[in-house]
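Colleague: I have a structure open and some labels to go with it. Can you explain what stands behind them?

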Amino acid sequence: MVHMLIGTILRGKGSDVTTVAPGATVRELLAKLSEHNIGAVVVSSDGATIEGIVSERDVVRRLHDRGAEILDEPVSAIMTTEVRTVGPGENVDSLRQIMTTHRFRHMPVVEHGRLVGIVSIGDVVKSAIEELETEKASLVDYLHR
């Protein structure tokens, strides 16, 4: 069985990463999430280095804890600063285990210290389904020879 690499997912989905500056307001963050129909963005001043990550869940939890005034606070006030990353040469199976164990839904992809993409749990599940479909087709082909 061939194990898919993170870079293969990025080639399929593209390497565009939506980022937000740490000083942007939570309200601006919500506009980006809505506009791009995504669940998380990387917090970056320059689009290449990672200062944090912020998700819909972060917003919901802070809204519950502190109320609507967080909407006008900077993203840096609610972002997660300890961000786990993955490289494009790493295996999708191990990423799936990390995401499941640590309950991450989004993982930035970094190469040579620069942000080169982002992978979601949906991307990982899709790749697993594609891998199973390929394996099934090979087995069916083998049986019908």
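The talk below takes the labels in turn.

Modeller: Start with one caution: this is a predicted model.

Colleague: Why is Thr-18 called buried?

Modeller: Its relative accessibility is 19%. Buried means under 20%. So Thr-18 counts as buried.

Colleague: Where is Thr-18 found?

Modeller: Thr-18 is in the loop between α1 (6-13) and β1 (19-20).

Colleague: Which residues is Thr-18 in contact with, leaving aside its neighbours within four places in sequence?

Modeller: They are Lys-32, His-36, Ile-38, Val-41 and Val-42. Contact here means heavy atoms within 4.5 Å.

Colleague: Now the sheet. What makes β1 and β3 edge strands?

Modeller: Take the order of the strands before that. The sheet is open, has three strands and runs β1-β2-β3, with mixed pairing. Strands β1 and β3 (52-55) each pair on one side only, and they are the edge strands.

Colleague: How do you know that β2 and β3 pair?

Modeller: Count the bridges. Two strands pair if there are at least two bridges between them. Strand β2 (residues 40-43) and β3 have four bridges. So they pair, and the sense is antiparallel.

Colleague: Which residue in β3 is the bridge partner of Val-41?

Modeller: The partner is Val-54.

Colleague: On to the pockets. What is the volume of the largest pocket?

Modeller: The volume is about 400 Å³. The lining has 19 residues, and the closest to the centre are Ile-53, Ser-55, Arg-103, Phe-104 and Arg-105. Two or more lining residues come from each of β3, α3 (56-66) and β4 (106-111).

Colleague: Which element gives the largest share of that lining?

Modeller: Helix α3 does, with four residues.

Colleague: And how does the lining of the largest pocket divide by class?

Modeller: Six residues are nonpolar, five are polar and eight are charged. Asp, Glu, Lys and Arg count as charged, so Arg-103 and Arg-105 belong to that class.

Colleague: What about the second largest pocket, and which residues are closest to its centre?

Modeller: The second largest pocket has a volume of about 200 Å³. Of its 14 lining residues, Lys-13, Asp-16, Thr-18, Ile-38 and Ile-118 are the closest to the centre. Elements β2 and β5 (114-120) each give two or more residues to this lining. The largest share, three residues, is from β2.

Colleague: How many of the residues lining the second largest pocket are charged?

Modeller: Two are charged, beside six nonpolar and six polar.

Key
Residues numbered from 1 in each chain as written. Predicted model: local features only at pLDDT ≥ 70, side-chain atom pairs only at ≥ 80, totals over all residues. Heavy atoms only, no water. Buried < 20%, exposed > 50% of the residue type's maximum accessible area, 1.4 Å probe, protein only. 1 Å grid on protein atoms, 1.4 Å probe; cavity = no way out; pocket = protein on both sides within 12 Å on 5 of 7 lines; lining within 4 Å. Points joined across faces, edges and corners; volume = space filled by probe spheres on them.
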